[in-house]
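Q: I have not looked at this one before. Can you walk me through it, beginning with whatever term I need?

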Amino acid sequence: MIDEQINNSSITYNEKTLDHFTNPRNVGVVKNYNGRGKIGEVGCGDVCEITILVENERINDIKFRVYGCAGAVATSSAVTELAKGKLCEEALKLTDDDVVDFLGGLPEQKKHCSLLGIRALKQAIYDYWLYKQLLESGQVTNRDEHEKVREDLFQQFANEF
């Protein structure tokens, strides 16, 4: 069994969580993704990135990359399993509790890990919708142009605060 040391106390994960940690599902980046969410900062701790391929408002493919503890890996894997095949509107309704329940529970100190995947998923869906609007309005013609517009928008927003 894998244990993590946190402030000299041991954290033990259940079998399903360990399975998602040692055999994570949907790892990587979706080829030709049309939505991307990234939450966290390496300098501050865990980081999760989720890419999705949406067709007819359904998440047909989803993958994740994560930098973090066993809980962050397992919960990110679980999020991809929960969201795959769902309509975007359905996937937006997923909660941290859904992730914890899917895994059969998490140690109390690790429940915050479920936030990463859910937040990255929601950001990826909103990014997809923005990309779709920009494509339809002719403001961008491809994903690279969208990434540049998105970066500029986030920078403008950050500069206001």
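A: One term to begin with: contact means heavy atoms within 4.5 Å. Keep in mind that the model is predicted.

Q: What does Lys122 touch, not counting residues up to four places away in sequence?
A: Lys122 touches Leu92 and Leu94. Lys122 itself lies in helix 5.

Q: Is Lys122 buried, exposed or partly exposed?
A: Lys122 counts as partly exposed, because its relative accessibility is 26% and the partly exposed class runs between 20% and 50%.

Q: How far is Lys122 from Phe157?
A: Their C-alpha atoms are separated by 19 Å. Along the chain, Lys122 and Phe157 are 35 residues apart.

Q: Where is Lys93?
A: Lys93 is in the loop between helix 3, residues 88-91, and helix 4, residues 96-102. Its relative accessibility is 64%, so Lys93 counts as exposed.

Q: And how far is Lys93 from Ile118 in space?
A: The C-alpha to C-alpha distance between Lys93 and Ile118 is 9.7 Å. In sequence they are 25 residues apart.

Q: Let's step back to the whole chain. How many helices and strands are there?
A: The chain has 6 helices and 5 strands. From the N terminus on, the order is β-β-α-β-β-β-α-α-α-α-α.

Q: What about its overall dimensions?
A: Taken along the principal axes, the C-alpha atoms fill a box of roughly 55 × 35 × 25 Å. The radius of gyration is 17 Å, which agrees with the value near 15 Å for a compact globule, because the chain has 161 residues.

Q: How much of the chain is buried?
A: Buried residues make up 42% of the 161 residues. The accessible surface comes to about 8900 Å², and 49% of that surface belongs to carbon and sulfur atoms.

Q: What share of the contacts join residues at least 24 apart?
A: The share is 56%, taken among contacts between residues at least 6 apart in sequence.

Q: And the charges, how many positive and negative side chains?
A: There are 19 positive and 26 negative side chains. The centres of the two sets lie 3 Å apart.

Q: Now single residues again. Where does His146 sit?
A: His146 lies in helix 6, which covers residues 143-159. His146 counts as buried because its relative accessibility is 0%.

Q: Which side chain does the side chain of His146 make a polar contact with?
A: That of Asp127, at 2.7 Å. Leaving aside neighbours within four places in sequence, His146 is in contact with Asp127, Leu130, Tyr131, Leu134 and Val140.

Q: Where is Val140 found?
A: Val140 is in the loop between helix 5, residues 113-136, and helix 6. At 2% relative accessibility, Val140 counts as buried.

Q: What is Val140 in contact with, leaving aside its neighbours within four places in sequence?
A: The list for Val140 is Tyr131, Leu134, Leu135, Glu145, His146 and Val149. Tyr131 and Leu134 also appear among the contacts of His146.

Q: What about Arg36, buried or exposed?
A: Arg36 counts as buried, because its relative accessibility is 15% and the cut-off for buried is under 20%. Arg36 lies in strand 3, residues 35-40.

Q: What does the side chain of Arg36 make a polar contact with?
A: The partner is the side chain of Glu147, at 2.8 Å. Not counting residues up to four places away in sequence, Arg36 touches several residues, among them Glu49, Ile50, Asp127, Glu147 and Arg150. Asp127 is also the polar partner of His146.

Q: Last topic, the backbone. What is phi of Asn26?
A: Phi of Asn26 is near 60°, a positive value in a residue other than glycine. Most residues other than glycine have a negative phi.

Q: Where is Asn26?
A: Asn26 is in the loop between helix 1, residues 15-22, and strand 3. Asn26 counts as buried because its relative accessibility is 15%.

Q: And what is phi of Glu57?
A: Glu57 has a positive phi of about 65°, although it is not a glycine. Glu57 lies in the loop between strand 4, residues 47-55, and strand 5, residues 58-67. With a relative accessible area of 23%, Glu57 is partly exposed.

Note on methods:
Residues are numbered from 1 along each chain as its sequence is written. This is a predicted model: local features need pLDDT of at least 70, side-chain atom pairs count only at pLDDT 80 or more; totals for chains, interfaces and linings use all residues. Side-chain values use heavy atoms; hydrogens and water are left out. Helices (H or I, at least four residues) and strands (E, at least two) are DSSP runs, numbered from the N terminus. Buried means under 20% relative accessible area, exposed over 50%, partly exposed in between (1.4 Å probe, protein chains only). A polar contact is a pair of N or O atoms within 3.5 Å; within protein, one must be able to donate a hydrogen and the other to accept it, and residues adjacent in sequence count only if both atoms are side-chain atoms. The radius of gyration is taken over C-alpha atoms; the globule rule is 2.2 Å times the number of residues to the power 0.38. Accessible areas come from the Shrake-Rupley method with a 1.4 Å probe; for residues, only the protein chains shown count as cover. Lys and Arg count as positive and Asp and Glu as negative; His and the chain ends are not counted. The place of a charge is taken as NZ of Lys, CZ of Arg, CG of Asp or CD of Glu.
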